[in-house]
Amino acid sequence: MNVAIVTVGDELLAGTTTNTNAAWLATQITERGSTVERILTIPDDRALIADYVARWADAFDAVVVTGGIGGTPDDVTVEAVADGLGRELVVRERIRDQLLEKAAAFRDENPDLVDEYDLNLDLDAAASIPEGATPLVTDAGWAPGCVVENVYVLAGIPDEMKATFAEVADEFRGNGVARTIYTPAPEGSLHDALEGVTDEFDVTVGSYPRSEDRPGRLRVRGTDERAVEAAIAWLEEHVETTDSPASETENEGGDQRYSER
C-alpha cells in the first residue's frame, strides 16, 4: 500500500507546534509493511486541503489527513475532505448524542471551569462528517475522525490521533520486509556496493552515514523476504559490518519483517 500523509495546521508551519504526528504516523505505517511516499504540511486552508485530497486520493492507495477537526471556526479539515471528494457534510445523530453525553459529563466534572468560561460547543459541526463516511469515535477526543473512500481523517492532538489511528491500524498492513546492517565504513566508500546490490536484487537500499558515536546503517527493503535476505547476505560479503549499537531503537534498525506483524 502506498500512502500519503497530510498534516494540517497553521501552527505547524509557524513552528509554534512541533509536527510529531507525521513522524509517528510514518513509523506506524512503515512498520505494518506499507510505504509512505509523501508527507505534506499545509495550513488550515479549506480550498488547499480539498485540492490535495482530490488529487492524492487518486494517486495513492490511502491518504491520512491529521489536524483541524475540533469543531472551532479554524478547524476546516472535515469540510475540506468532503469538498475534495465531492460529498456533502451530514450530521450523524448517533455521534451528536454521544457528544452531548460527553459535554454533560464535562460540565458535571468541571463546574468551576464551566462557570468561569462561556463554553460554546457546536455539536452539529462536531458531529458532521462527509456523507457515506465511517466515523472513528474514541474516548480520547471530542470530534470524531472518519474514513471516507481511501481518505483517513484523524485528530491533530497527538494522543487523540494515536487513539484514532489504532481503530484503523490493521488496514495499513502490507507485505513489506526490511532488514538493517551496520558498518563502520564511511558512506563515500559504499557506492559500488549500494549500486551492485540493487542491480542484483529487487530491493531498495537506504544508506545512513556514521557519526562519532554510532556506525552507519544500510537498510534493505523489499516485498520478497527471500530477496531481502539474499541482498543482506550479499552486502555482508561486500561491506565491512559491525554489531548493532546498544542504543539503537527498535524502529531504527534490526530485523523487521513487517509482513509477519
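Before starting, I note that helices and strands here are DSSP runs, numbered from the N terminus, with at least four residues for a helix and at least two for a strand. I also note that the model is a predicted one.

**Pockets**

I looked up the second largest pocket and found a volume of about 400 Å³. Of its 22 lining residues, Thr30, Gly33, Ser34, Thr35 and Arg221 are the closest to the centre. I then asked which elements each supply at least two residues of this lining, and the list reads H2, E2, strand E9 (177-183) and E11. H2 gives the most, with four residues. Sorted by class, the lining of the second largest pocket holds nine nonpolar, eleven polar and two charged residues.

I turned next to the largest pocket, whose volume is about 470 Å³. Its lining counts 25 residues, and I noted Glu11, Gly67, Gly68, Gly156 and Ile157 as those that lie nearest its centre. Helix H1 (10-14), helix H2 (20-31) and H8 each supply at least two residues of this lining, and by class the lining of the largest pocket divides into eight nonpolar, twelve polar and five charged residues.

**Sheet**

I traced an open sheet of six strands, which run in the order E2-E1-E3-E8-E7-E6 with mixed pairing. Strand E2 (35-42) and strand E6 (134-136) stand at the edges with a single partner strand each, so one side of each has no neighbour in the sheet. Direction ignored, neighbouring strands of this sheet are turned by 15° against each other on average.

At the E6 edge I checked the pairing with strand E7 (residues 145-148), which is antiparallel and extends over three bridges; there, threonine 134 stands opposite valine 147 in E7.

I also looked for helices packed on the sheet. Helix H3 (residues 46-59) touches strand E1 (2-8), E2, strand E3 (62-66) and strand E8 (151-154), and the direction of H3 makes about 165° with that of E2. Helix H8 (residues 158-166) packs on the sheet as well, touching E3, E6, E7 and E8, with its direction at about 145° to that of E8.

**Glutamate 149**

In the loop between E7 and E8 I came upon glutamate 149, which has a positive phi of about 55° although it is not a glycine. I kept this entry because most residues other than glycine have a negative phi. Is glutamate 149 exposed, or only partly exposed? Its relative accessibility is 49%, so I recorded glutamate 149 as partly exposed, given that exposed means over 50%.

**Cavities**

My search of the whole structure returned two cavities of 30 Å³ or more. The largest cavity encloses about 60 Å³ of space, and its lining includes Lys102, Trp142, Pro144, Ala155, Glu160 and Thr164. I counted its lining by class as six nonpolar, four polar and two charged residues.

For the second largest cavity I found a volume of about 40 Å³. Among its lining residues are Thr183, Pro186, Glu187, Tyr208, Arg210 and Arg217. Strand E10 (204-208) and strand E11 (216-222) each supply at least two residues of that lining, and the largest share, three residues, comes from E11. By class I noted six nonpolar, three polar and three charged residues in the lining of the second largest cavity.

Conventions. Residues numbered from 1 in each chain as written. Predicted model: local features only at pLDDT ≥ 70, side-chain atom pairs only at ≥ 80, totals over all residues. Heavy atoms only, no water. 1 Å grid on protein atoms, 1.4 Å probe; cavity = no way out; pocket = protein on both sides within 12 Å on 5 of 7 lines; lining within 4 Å. Points joined across faces, edges and corners; volume = space filled by probe spheres on them. Nonpolar A, V, L, I, M, F, W, Y, C, P; charged D, E, K, R; others polar. Pairing = 2+ DSSP bridges. Axes fitted to C-alpha atoms, helices over the stretch in contact; angles between N-to-C directions. Contact = heavy atoms within 4.5 Å. Buried < 20%, exposed > 50% of the residue type's maximum accessible area, 1.4 Å probe, protein only.
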